[in-house]
Amino acid sequence: MSFFNSGEGPYIIAGPCSAETREQVLETAAALKALGVNLFRAGVWKPRTRPGSFEGNGTPALEWLQEARTLHGLPVVIEVAEPEHVELALRHGIDALWIGARTTVNPFQVQHIADALSGVQVPVLVKNPVNPDVALWQGAIERLERVGITDIAAIHRGFSGYHAASRYRNPPNWPIPIELKRRKPELPIICDPSHITGSRALVPDMAQKAMDMGFDGLMIETHLHPDDAWSDADQQVTPQVLQQILGSIVVRRDEADCNSVELEQLRQQMDSIDAEVIDLLARRMELSSHIGTVKKALNIAAYLPERWNEIVATRGARAESLQLSREFVIGLYERIHDESIKQQLKVLSSGMNEIKK
Ligand code: PEP
Ligand code: MN
């Protein structure tokens with residue numbers, strides 16, 4: 001059985017963003033042990049975006065965690081970003097390691113960490129890379145698998161980007177973790193609503209959303225006095241709030257035991273709608289090629305901005321009239337239009353090689 005399995009209910013990781021003082025670590029661990037948390041987290045080396053802010057207490061913090069572990073019998077997890085961190089963590093009896101988003105993004109660095117773990121059995125959590133690249137996330141996991149690590153889980157912490165309009169610090173981009181689960185069905189995936197939302201008021205809903213999506217656990221940053229935290233103050237919750245969250249989240253069952261007749265009928269209807277959607281797309285692409293032939297004869301370019309603007313306006317309005325999100329339908333049409341242009345370019349450029357010869 002995976003290390004990241006609580007036996008019942010979601011696997012819960014909680015603790016402060018950073019290990020700030022010995023007292024903070026010991027007191028928080030005591031409070032979280034009482035709540036039945038499975039794993040105590042605290043950052044010992046902190047990957048800060050800009051220099052000059054608190055970058056972690058390093059080795060002394062490892063000793064505080066060791067003490068908390070012995071005193072409260074709560075396993076502990078820290079972030080490692082260098083082979084040296086791995087060595088120090090193992091030397092201090094740390095139970096599990098996590099690889100942060102800014103490390104997963106770099107295959108050289110992940111490989112250095114994997115090499116330091118070669119021949120060692122320690123559970124490792126791999127946060128998604130900061131950019132929405134499922135292959136990079138999967139690649140980091142595979143680098144650990146190749147050196148023999150067997151207890152691995154992924155952490156979904158959202159993706160950074162240019163998103164002034166988003167209410168989240170790192171928008172969740174659900175298709176990415178869903179695709180990881182499709183590629184690696186046995187891999188537990190834990191959601192980190194703290195780093196996704198960046199705001200404590202939004203953490204409970206995001207935690208529930210993760211349960212609704214069938215995630216295996218939660219990592220929630222928890223601080224005795226969140227407003228005074230030395231890092232990520234806005235997003236940490238108190239142990240009391242964590243208790244409320246854990247007491248109120250509804251855990252959804254996974255698919256294996258919910259094959260009701262009603263669900264089966266609805267799925268059959270959905271299957272036939274999807275077949276129609278794909279048939280229509282095939283017809284639309286055929287039409288695109290035909291349009292390409294006509295454009296070639298008339299010597300007209302494949303991409304015509306005015307026509308694309310008209311498609312965006314009319315399809316967007318139709319979507320809204322049917323209570324569909326305009327953003328969703330336009331996004332879909334961007335992909336469809338892109339494929340149409342490809343079909344037309346194929347037609348426009350056919351015969352070019354003969355001309356060159
Ligand atoms: C953290 O968990 O405190 C952290 C630094 O996370 P991330 O790598 O997701 O930014
Ligand atoms: Mn943090």
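Ligand 1 is surrounded by 13 residues in this structure, and those that come closest to the ligand are Arg41, Lys46, Ala101, Lys127 and Arg157. The model is a predicted one, and the distances and areas given here are computed from its atoms. Sorted by class, the shell around ligand 1 consists of seven charged, four nonpolar and two polar residues.

Some of these charged side chains can be followed to individual atoms of the ligand, and the table lists three such pairs, each formed by a polar side-chain atom and an oxygen atom of ligand 1.

| Residue | Partner | Distance |
|---|---|---|
| Arg41 | oxygen atom of ligand 1 | 2.7 Å |
| Lys127 | oxygen atom of ligand 1 | 2.8 Å |
| Arg102 | oxygen atom of ligand 1 | 3.0 Å |

Taken on its own, ligand 1 has 300 Å² of accessible area, and the protein covers 97% of that area.

A further feature of the model is the pairing of two helices. Helix H1, which runs through residues 22-34, and helix H2, which runs through residues 59-72, have axes that come within 9 Å and cross at roughly 30 degrees, and the crossing of H1 and H2 is right-handed. On the H1 side, the residues that take part in the contact are Arg22, Val25, Leu26, Ala29, Ala30 and Lys33, while H2 contributes Trp64, Leu65, Glu67, Ala68, Leu71 and His72. When the residues of this contact between H1 and H2 are divided by class, eight are nonpolar, three are charged and one is polar.

How values were computed. Residues are numbered from 1 along each chain as its sequence is written. Chains are lettered from A and ligands numbered from 1 in the order in which they are written. This is a predicted model: local features need pLDDT of at least 70, side-chain atom pairs count only at pLDDT 80 or more; totals for chains, interfaces and linings use all residues. Side-chain values use heavy atoms; hydrogens and water are left out. A residue is near a molecule or strand if one of its heavy atoms lies within 4 Å of it. A polar contact is a pair of N or O atoms within 3.5 Å; within protein, one must be able to donate a hydrogen and the other to accept it, and residues adjacent in sequence count only if both atoms are side-chain atoms. Accessible areas come from the Shrake-Rupley method with a 1.4 Å probe; for residues, only the protein chains shown count as cover. Ala, Val, Leu, Ile, Met, Phe, Trp, Tyr, Cys and Pro count as nonpolar, Asp, Glu, Lys and Arg as charged, and the others, Gly among them, as polar. Axes are lines fitted to C-alpha atoms, for helices over the stretch in contact, and angles run from 0 to 180 degrees between N-to-C directions. Helices (H or I, at least four residues) and strands (E, at least two) are DSSP runs, numbered from the N terminus. A crossing is left-handed if the near helix is turned anticlockwise from the far one by less than a right angle, and right-handed if clockwise. Contact means heavy atoms within 4.5 Å.
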